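Thanks for asking me to look this over. Here are some notes to read alongside the model.

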Amino acid sequence: MRLEIDPGKRKMLDELYSALSAVAEGSYVFLTDLETDVSRWSKAAVDFFGLPGEYMHNVGDMWAEHIHPDDRKEYEDSIERIYMGSDDSHDMQYRARNKEGEYVVCTCRGVVVKDIKGKPVYFGGAIKNHGIQSFVDTVTGLRSLYGFFQDLRTIFWNKEDTVIMQLGLSDFSSYNEVFGYSFGNRILQKLARMLQKEFEHTGSVYRMDGTKFAVITHTLKKDEVEDIYVEFREKIRAGFYIEGHRIVPSMNAGAVVVDNFDITDKTVYSCLKYAYYMSKNTKLGDFVLFEDSLNDDNRNKLDKLRVIRESITEDCNGFFLCYQPVVDAETERLTGIEALIRWKNDEYGMVSPNDFIPVLEQDPLFPTLGTWILRKAMSDGKKILEKYPDIKINVNLSYAQMEKRSFVEEVTDAVKELNFPPQNLCLEITERCRLMDMELLKDIVALLRDIGIVIAMDDFGTGFSSLGALRDIRPDIVKIDREMIKNIESNQADKSTVRYISELANDFDAELCVEGVENSQMRDILRDYKVKSLQGYYYSKPVPFDEFCALEI
C-alpha cells in the first residue's frame with residue numbers, strides 16, 4: 001500500500017534526499033522528517049534488507065527489527081537521544097539482517113538538520129554495508145567478516161580440510177566506557193597484530209563482528225590450534241600496554257574442524273559460534289572444540305545439522321511435537337501438557353533435540369522454528385481443550401526467540417489468530433535464557449503476563465534459575481528438573497532439596513511442579529512436600545499428538 005505523504009513535505013524530502021545522495025556514493029542514504037516521522041531510504045537498501053518501500057513511516061522501530069539483538073539496545077538508545085533532542089548526530093556500527101536472514105556489518109552515520117530557530121527538522125545520513133562493499137576491516141586492516149565467508153566458500157569449493165577458530169574478548173565494553181571508542185579500537189588493532197604474528201605462516205586471521213576474531217588454517221591440526229590459543233591466552237593474561245594503560249582482557253575461543261564438504265558455510269558458522277559461546281558462558285574461556293561425537297550411528301553431525309537447518313526453511317518439514325502429561329500431585333488428574341520438539345527423516349531417523357537445539361539457537365533461522373512450535377502447540381492444544389478445558393499447554397521458550405523485538409507481538413498475534421485462551425497457555429523460560437539481559441527478560445515476562453499467559457521457570461536449580469531470577473521474574477510455576485530428584489528414594493539430600501525449593505516457591509506464591517517422576521515410590525515421597533503437580537515417565541513418556549489423545553489419564 002502506498003504511503004500517503006503531504007505533497008509539500010514530500011517535495012522537500014526528495015530534494016534533500018537527492019542532495020545527500022550526490023555526496024554519499026556507495027552507501028545507503030536515508031532521510032527522516034522528524035515532524036511527520038516519514039522517511040525516504042535508498043532503493044538499494046530496500047531491496048537488500050527487504051524493507052516495505054522507499055517511503056516509510058516509523059522506520060526507526062522497523063529498522064531495529066533488522067539489527068542483531070546484541071547491538072539493538074545501543075542503536076535504540078542513540079535514536080531515542082536523536083528524537084529527544086539531546087544528540088545532534090549518530091555514528092555507530094552494528095549488524096543488520098538482510099532479506100535472506102543473514103547478518104552483515106553496517107556503519108551508520110547521521111546528523112540532525114535544524115531550521116533557523118534551532119528546531120530539529122530532519123535526520124539524515126548514510127549506511128555503509130560492509131557485507132557487500134568491503135573485504136577488509138577498516139579498524140584492524142584484517143580480512144572482514146564478509147571476507148571470512150568468501151574464503152570459507154572457497155574452502156568448500158576446493159575441499160580443503162580446515163580448522164577454524166573464533167576467539168574474542170569478554171570485558172571489552174568497560175574499556176570503551178572508560179577510555180572511549182578510539183582507545184578500544186587501539187586494543188583491537190594490538191590484538192590483530194599479535195594474532196597475525198602467532199599465525200604468520202600457518203593461518204589467516206579475520207576481524208569478525210564486535211570484538212571477535214577468527215583464524216582459518218589448513219596446516220595446523222586441532223590440537224596444535226588449541227596449544228597456540230592456550231599460549232596466546234597466557235600472554236593476554238600477562239597484560240599489555242595501550243597509551244600507558246595496562247590492559248588485561250579475558251579471552252574465549254571455540255573451534256570447528258571442517259572435513260565434510262556436503263554441508264554449508266552457514267552450518268559451519270553456527271557450530272563455530274556455538275563452540276565460542278560455550279567457551280564464554282560455561283567454560284570460563286577454555287578452548288572448546290565442536291565435537292562430532294554425539295551420534296550413536298557415527299554419522300557426521302555437521303551434515304545432520306545442515307539437513308535439519310534446511311528443514312526449517314522448508315516449512316519445518318520433519319519437525320513434529322510430542323506431548324507429555326502434567327498431573328495434579330494428589331488427585332493425579334490431568335492439569336497440563338508439555339509440548340516437546342522432535343525431528344525425524346528417512347536418512348537420520350529420530351534425532352534428539354539436545355543434538356540440534358543448542359546449536360540452532362545460534363542461527364538466525366531459529367526464531368522461525370520457535371514460532372512454528374508455539375503455533376503448532378496452540379493449534380493442537382485447542383483440540384485437547386475440548387476434552388480438558390482447564391488444562392494448560394506448556395511451551396518452552398528460547399532466548400533466541402525472546403530477544404526478537406517483535407516476540408511479544410508474535411505471541412499476541414498467534415493467540416488472537418488461533419483464538420486460543422491465553423490463560424491456558426504456559427510459557428516456560430528455559431535454562432539457556434540466562435544468556436539474556438535480565439531487565440529485558442523481566443519486561444517480556446510482564447507483557448506476557450498482562451496478556452493473561454502463565455509463566456513457568458523451568459530447570460530450577462540448574463544454573464539460570466537462581467534465587468535472584470526467581471525474585472525478579474516471579475513466575476507462576478517453578479519446575480524442578482529430573483536431575484534434582486532422580487535419587488530421592490535413597491538420598492536425603494534430594495529430599496532436602498525438594499523441601500527447600502517447595503518452601504521457597506510457596507514464599508513467592510508460585511506452584512511447584514516436579515519432573516522426572518518414574519514410579520509410585522517417588523510420587524509418594526513427593527506428596528509429603530508442597531508439590532502441586534507431577535510429570536514423568538510414570539504417567540507417560542512424551543508421545544505424538546494422536547497417541548496423546550488416546551491416553552487414558
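**Notes on a helix and a sheet**

1. Helix H9 (residues 222–238) has the length one would hope for: at 1.5 Å a residue, its 17 residues should span 24 Å, and the end C-alpha atoms lie 25 Å apart, which agrees. The expected span is 1.5 Å times one less than the number of residues. Helices (H or I, at least four residues) and strands (E, at least two) are DSSP runs, numbered from the N terminus.

2. A word on the basis: this is a predicted model, where local features need pLDDT of at least 70, side-chain atom pairs count only at pLDDT 80 or more, and totals for chains, interfaces and linings use all residues. Residues are numbered from 1 along each chain as its sequence is written, and side-chain values use heavy atoms, with hydrogens and water left out.

3. Which residues of H9 are buried? They are Val225, Ile228, Tyr229, Phe232, Arg233 and Ile236; buried means under 20% relative accessible area, with a 1.4 Å probe and protein chains only. They cover an arc of only 140 degrees around the axis, which puts them on the same side of H9; the arc is taken over directions from the helix axis to the C-beta atoms.

4. Just after H9, Gly239 adopts a positive phi of about 90 degrees.

5. Turning to the sheet, five strands form an open one with mixed pairing, in the order E8-E9-E7-E12-E13; two strands pair if DSSP finds at least two bridges between them. E8 (204–207) and E13 (287–289) are at the edges with a single partner strand each, so one side of each is left without a neighbour in the sheet.

6. E8 and E9 (residues 212–217) run antiparallel, joined by four bridges. Arg207 has Phe213 in E9 as its bridge partner.

Notes:
Buried < 20%, exposed > 50% of the residue type's maximum accessible area, 1.4 Å probe, protein only.
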